[in-house]
Structures are given as structure tokens and as C-alpha cells.
Amino acid sequence: IPQISYASTAPELSDPGRYEFFSRVVPPDSYQAQAMVAVVRALGWSYVSTLASEGNYGESGVEAFVQSSREAGGLCIAQSIKIPREPKPGEFAKVIGRLMETSTARGVVLFANEDDIRRVLEAATLANLSGHFSWVGSDSWGAKMAPVQGLEDAADGAITILPKCASVPGFDEYFTSRSLENNRRNLWFHEFWEDDFNCRL
């Protein structure tokens, strides 16, 4: 079944041998990892830590960042920390403690989900380390407010990456003009209609 994704950024999905019928409209994480290396270098940092949520997104993102930093040269990774998929109580305090083991690496590159980002910022706040770290966040942070709401002091100065977005002329007008009368070829449209308007056809 052919699939087109608007958000799947895992690099391995670029392998046509394994995912012959998959395509996407966003670049793979390897591109944002290259952009993050460029940001780190532009800031003049040479010693950073990485932080990843356990799983495909976080781990492959950090792996791509480390690979890109090797190719670019002049960048040393102080440590790479992985946040467990199901963190135990106190796990995020441990993460901040580990980051402080190499406290001169104040730049931290994050490939983490929204919840993990928020909990890292909370732990930094609780440890009275707001402003100590400079965060470079991936697109899971991007322009979202949820990870930083109420934790603005800990997130102050963060730089986040987001793929370029552009609106397609005429799409909104076309999409909002769809109705049951003019969109019969889409077999699932009536289900969407029922859900969106909370009705039964």
C-alpha cells in the first residue's frame, strides 16, 4: 500500500529496498542533524552533550548529529545520554546530574519527545540550573509552546529546528469546500464528516 507521510522523519525510511512504497513530504532527520551541527559551529561551541529519547526518533537523530559533527570536524561530544522510554521517578534529576558531570559542556543537543523535553527543563529548574544550559532542540520541540510553558527561564535562549513550511496556494480553499456531494470518490470522507460534525449519516 503506497503511503505518504507528512511527519515521519526517521532516516531509515529513505531506504527504497525496505520501504519501496513509502514517501514523505518532510526531510529525514539527517538533514536537521546537519543543520544543528551548523548552528553549534556558528555559535563557536566545540564541546557539547547530546540528549535523546529512547527509540527510533531520538537515537537515530543523535546518531546523525554525531556522524555529521565527525564529518564537519572540530566538535567534541562530552557525553550522549539516553532518556528511557519509561523513565522511573527521579530519572530526569539523574539526567541533569549527568550533564553536570561535564558542566563545561553547556550546549546540549536534544532529540527528544515533547514530554521528555518538558521534564528535562523541569529538572533543570528544580536543580536551580535555569540558564546554565544552552539547548539546541530538534523539530519535536520546534515552535511548540507546550514543552516550555511555565519553564521559560530554563528554556531561555534555546534554538530549535523546524523544517521549512510553505502553504500551497488554493489548498485551504479547496479543502474547506469539500462536502458529501462533491467528494464521493474518497471512501473515508463520510467517516471524517461524522467525526468532525459529531453526527450520523
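These legends introduce a predicted model of one protein, starting with the whole chain and then turning to one pair of helices.

**View 1. The protein as a whole.** Welcome to the full fold, which holds seven helices and seven strands. Following the sequence from its start, you meet these elements in the order β-β-α-β-α-β-α-β-α-β-α-β-α-α. The C-alpha trace spans about 65 × 40 × 30 Å along its principal axes.

**View 2. Inside and outside.** Of the 201 residues here, 38% are buried. The accessible surface of the protein amounts to about 12,400 Å², and carbon and sulfur atoms account for 52% of that area. Contacts also link distant parts of the sequence: among those between residues at least 6 apart, 62% join residues at least 24 apart.

**View 3. Helices α1 and α2 cross.** Here you can find α1 at residues 29–42 and α2 at residues 56–72. Their axes come within 8 Å and cross at roughly 50°. An angle from 35 to 65 degrees falls outside both the roughly parallel and the roughly perpendicular ranges, and the two helices are therefore oblique to each other. The crossing of α1 past α2 is right-handed.

**View 4. Where the two helices touch.** On the α1 side, look for Asp29, Ser30, Gln32, Ala33, Gln34, Met36, Val37, Val40 and Arg41. Facing them from α2 are Tyr57, Ser60, Gly61, Ala64, Phe65, Ser68, Ser69 and Ala72. Together, the residues of this contact comprise eight nonpolar, seven polar and two charged.

Definitions and conventions. Residues numbered from 1 in each chain as written. Predicted model: local features only at pLDDT ≥ 70, side-chain atom pairs only at ≥ 80, totals over all residues. Heavy atoms only, no water. Axes fitted to C-alpha atoms, helices over the stretch in contact; angles between N-to-C directions. Helix = DSSP H or I, 4+ residues; strand = E, 2+ residues; numbered from the N terminus. Parallel < 35°, antiparallel > 145°, perpendicular 65-115°, else oblique. Left-handed = near helix turned anticlockwise from the far one by under 90°. Contact = heavy atoms within 4.5 Å. Nonpolar A, V, L, I, M, F, W, Y, C, P; charged D, E, K, R; others polar. Buried < 20%, exposed > 50% of the residue type's maximum accessible area, 1.4 Å probe, protein only. Areas by Shrake-Rupley, 256 points an atom, 1.4 Å probe, with all protein chains shown as cover.
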